[in-house]
Amino acid sequence: MAQQRATRLRTWSAFGDLGRRPSEYEVLTHGMNHTMGATPLELPPDAHGNRWLREHRDGMALTVPDWDAFRDPDRVTYGSYVAMQDDRETYVEGLLERFDKEQHDERLTAGRLDLLALAVTPARYLVHGQQMLSAYLQQLAPGSYIATCAAFQTADQLRRVQLLAYRTTQLSRAHPDRAFGIAERTTWEHHPDWQPFRQAVEEALVAYDWDLALVAFQLVLKPVADAVLLHGLARRLDTVGAPLDSLITDDLVLDAQRAARWTRALLTFLTDADPGNRAVLQGHLDTWAAHGTAMAAAGARLLGTSDIEATALSTWDELLAAGGLTRPGTPSA
Amino acid sequence: MLLTQDDWYETSRDLDWTFSYVDRAAAFPTEWTGAEGIPEDAWEAWEEPFRVSYRDYVRVQREKESGVKAVSNALQRAGSYDQLPASHVAASQMHMGLITMVEYMAVTMQSRFCRFAPSPKWRNLGVFGLLDETRHTQLSLRFSHALLKHDTRFDWAQKAYHTNQWAVVAAKNLFDDIMLNADCVEACLASNLTLEHGFSNIQFVALASDAMAAGDVNWSNLLSSIQTDEARHAQQGFPTLEVVMAHDPGRAQRIVDVAFWRASRIFQTLTGPAMDYYTPLDKRKMSYKEFMLEWIVDQHERVLEDYGLKRPWYWDDFLYSLDNGQHAMQLGLWFYRPTLFWNTSAGVSRDERAWLNDKYPQWEENWGVLWDEVIRNINAGHIDRTLPETLPALCSVTQLPLGTAMSRDRLAPVSLVRDGRVHHFDSEISKWCFEQEPERYAGHRTVVDRFIGGEIQPMDLPGALAWMGLTPDVMGDDTDGYRWAREYATESKATESKA
Ligand SMILES: [Fe+2]
Ligand SMILES: [Fe+2]
């Protein structure tokens with residue numbers, strides 16, 4: 001009996017000798033990618049899914065001895081995610097009610113409405129792109145810890161799309177003479193200052209190698225777009241006197257900050273895992289950084305305030321520095 | 001003014017734009033979208049079968065989460081686990097080992113929809129599926145982890161799919177294919193429509209009800225809570241089927257017919273024995289066949305009819321299999337018990353046998369005689385003769401042993417030769433599946449192919465067990481320690497002394 005008890009496990013055998021009790025987050029996230037063997041899927045080696053994973057995931061130049069050693073600094077689980085986001089949404093609901101009583105939308109002046117129509121409502125296409133790109137990082141992620149971060153990030157993007165749709169509809173009802181809900185697609189497709197964003201999304205959508213996708217999206221497109229169209233936008237809206245959208249954007253910044261935290265942790269993780277990884281990431285960054293600088297400049301023009309460009313670039317640089325990476329053309333860290 | 005969901009919903013799904021920097025076809029390759037041969041504007045007809053906002057989703061799911069957690073904490077404190085019947089516990093270990101990773105695979109499948117589905121409405125809906133399946137993965141892991149202190153076998157909730165255990169390999173082959181290899185259209189028709197809408201009821205309704213009857217409130221509660229999500233996201237299959245039926249009905253028919261047979265064999269292997277042999281007799285509500293007929297077959301026929309699909313050509317053989325396949329598999333599972341990571345309940349005591357004969361009038365004739373031999377060996381002290389020495393030949397499509405799909409009088413070999421290699425099948429239906437897309441199956445090597453190819457060393461049963469990751473602490477044995485066979489011994493002695 002005593003012997004039997006001694007063989008009982010306290011936690012997943014997959015943890016090996018962890019030297020401590022795993023957290024609930026770890027218990028619920030650890031080692032769930034079963035496709036990391038020589039033939040990823042239990043199918044003929046040349047099946048489409050196997051070829052895709054071999055070419056775009058297993059063929060990448062990043063070297064990581066144990067992908068399951070990565071941890072999300074926020075340790076988000078399904079339970080903590082829905083609880084946290086329910087609180088956020090309750091807060092935003094409160095904002096919508098409060099400002100509705102104050103006739104917020106009806107009282108917006110022409111200049112403010114112009115800014116909302118130019119820099120806020122067309123973003124739902126961009127964010128849909130970010131949703132697709134987050135999902136791609138999830139499905140090819142070489143470990144379930146990273147995949148889970150990307151899964152919740154995918155959901156965060158849908159949250160933002162739906163809030164944008166909500167605000168777009170409110171504005172179209174309060175101002176039927178304007179083209180809210182109608183003109184966004186044209187703005188997204190043709191306004192010159194949206195084109196660097198659209199170009200980055202479209203090109204990132206065909207960057208299928210996972211390491212390249214990670215750099216293009218998670219290290220360039222998303223951090224720069226978030227720096228401009230969330231952080232920068234929230235301040236700009238506040239300055240011009242569009243408090244409701246400023247406060248909603250502030251709340252979306254919290255999602256972006258959570259994404260930046262795991263991205264920074266991942267960068268540190270990758271560069272610690274193997275000294276060669278930094279050069280791999282830097283190589284991809286060198287080909288992609290121009291998209292980021294173009295987005296920062298165009299974003300500042302969309303918001304009509306030039307200082308946002310410099311702020312966005314320095315936020316971005318700071319993120320890259322976590323992996324010892326530098327934007328081409330800037331002094332190396 | 002404040003809005004209702006209907007007010008803003010349309011805008012939230014108006015998300016397609018005209019690409020100009022890259023070729024749109026390169027960003028949405030048909031190998032992943034599955035939209036080959038379907039005009040792009042056809043997807044405008046794809047309508048969400050349910051509408052949910054992110055706001056409502058997180059609110060409702062948060063409540064569900066705290067509900068399940070409260071029940072589970074209370075039950076763990078009550079320590080009710082130790083009183084559960086051993087055969088029922090075995091069923092829960094089998095389920096957790098074989099299904100938990102499938103929930104995680106479904107996360108990735110839904111994520112594929114979020115990225116590659118040919119309609120932005122579907123790409124959005126996929127997000128809720130992705131969250132749901134993350135929930136199911138984590139619920140199953142939490143449940144199993146809490147039971148590790150009672151039984152190491154629950155380690156297999158996390159571990160199973162990292163091993164080559166043969167039942168896992170069979171399940172992995174199916175789910176890797178229809179969840180991780182298939183394009184969005186096929187994954188949706190095979191997984192959402194056929195598997196989730198069709199079969200998941202048997203796992204999450206039938207087993208939930210059996211679990212409740214057996215006193216396992218915790219597991220029952222978990223299964224039922226998962227089912228509330230499944231019932232929702234499984235509906236993604238309907239609009240997809242509608243679009244494909246309008247443009248390529250032959251493809252829809254083939255995908256659904258192949259998936260229905262492959263899924264039915266997997267459930268027959270796992271849930272069939274659990275319902276007909278593992279659930280304690282006085283707790284059984286329905287036989288596997290009864291449940292299949294009432295919940296799966298009826299429903300599947302209704303879907304086929306509603307969408308203009310034909311019944312699969314193999315329908316009569318499928319119904320015939322419902323009388324037999326799970327009994328063949330049960331005998332196989334029990335005999336090959338050291339190759340399992342759960343204990344097996346024989347489930348053929350006299351009372352149970354009466355129940356089986358009542359539910360399956362051919363049971364005695366087909367299977368009773370084989371169990372009699374097992375019983376004679378047990379009672380003569382020859383347990384060794386009830387254990388395997390080799391591996392059985394496997395089907396190139398289902399990965400299951402030959403002879404386990406139909407009855408004992410239908411054992412004529414089914415095979416074909418392709419590129420100089422002989423492929424064996426458990427039925428004409430599996431052979432037909434193979435012939436639909438030989439390249440999908442032909443290059444895969446079954447566990448036995450690998451054994452014969454020398455990949456498994458030493459080339460004997462212990463070698464195979466080690467290769468399958470089976471350690472003595474989890475290796476299956478009879479749940480009742482063979483005590484169930486004793487009643488046959490006393491009776492046969494009584495008969496002998498009279499003679
Ligand atoms: Fe599920
Ligand atoms: Fe599901």
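Along the chain, the donors of the iron ion (ligand 1) follow the spacing E-x29-E-x2-H-x93-E, where donors are N, O and S atoms within 2.8 Å of the metal (3.2 Å for Na, K and Ca) and water is not among the atoms, so sites may look incomplete. This is a predicted model, in which local features need pLDDT of at least 70 and side-chain atom pairs count only at pLDDT 80 or more, while totals for chains, interfaces and linings use all residues. Residues are numbered from 1 along each chain as its sequence is written, chains are lettered from A and ligands numbered from 1 in the order in which they are written, and side-chain values use heavy atoms, with hydrogens and water left out.

The protein donors of ligand 1, an iron ion, are B:Glu103 (OE), B:Glu133 (OE), B:His136 (ND1) and B:Glu230 (OE), at 2.0 to 2.2 Å from the ion. B:Glu133 also bridges to the iron ion (ligand 2), the two ions lying 3.3 Å apart. Because B:Glu133 and B:His136 are three residues apart in helix H6 (residues 120-146) of chain B, about one helical turn separates them; helices here are DSSP runs (H or I, at least four residues), numbered from the N terminus.

The contact between the chains (heavy atoms within 4.5 Å) is summarised below.

| Item | Value |
|---|---|
| Residues from chain A | 84 residues |
| Residues from chain B | 85 residues |

Across this interface the rule finds nine salt bridges, each a side-chain nitrogen of Lys or Arg within 4 Å of a carboxyl oxygen of Asp or Glu. B:Arg62 forms a salt bridge with A:Asp87, with the closest N and O atoms 2.9 Å apart.

Key
Helices (H or I, at least four residues) and strands (E, at least two) are DSSP runs, numbered from the N terminus.
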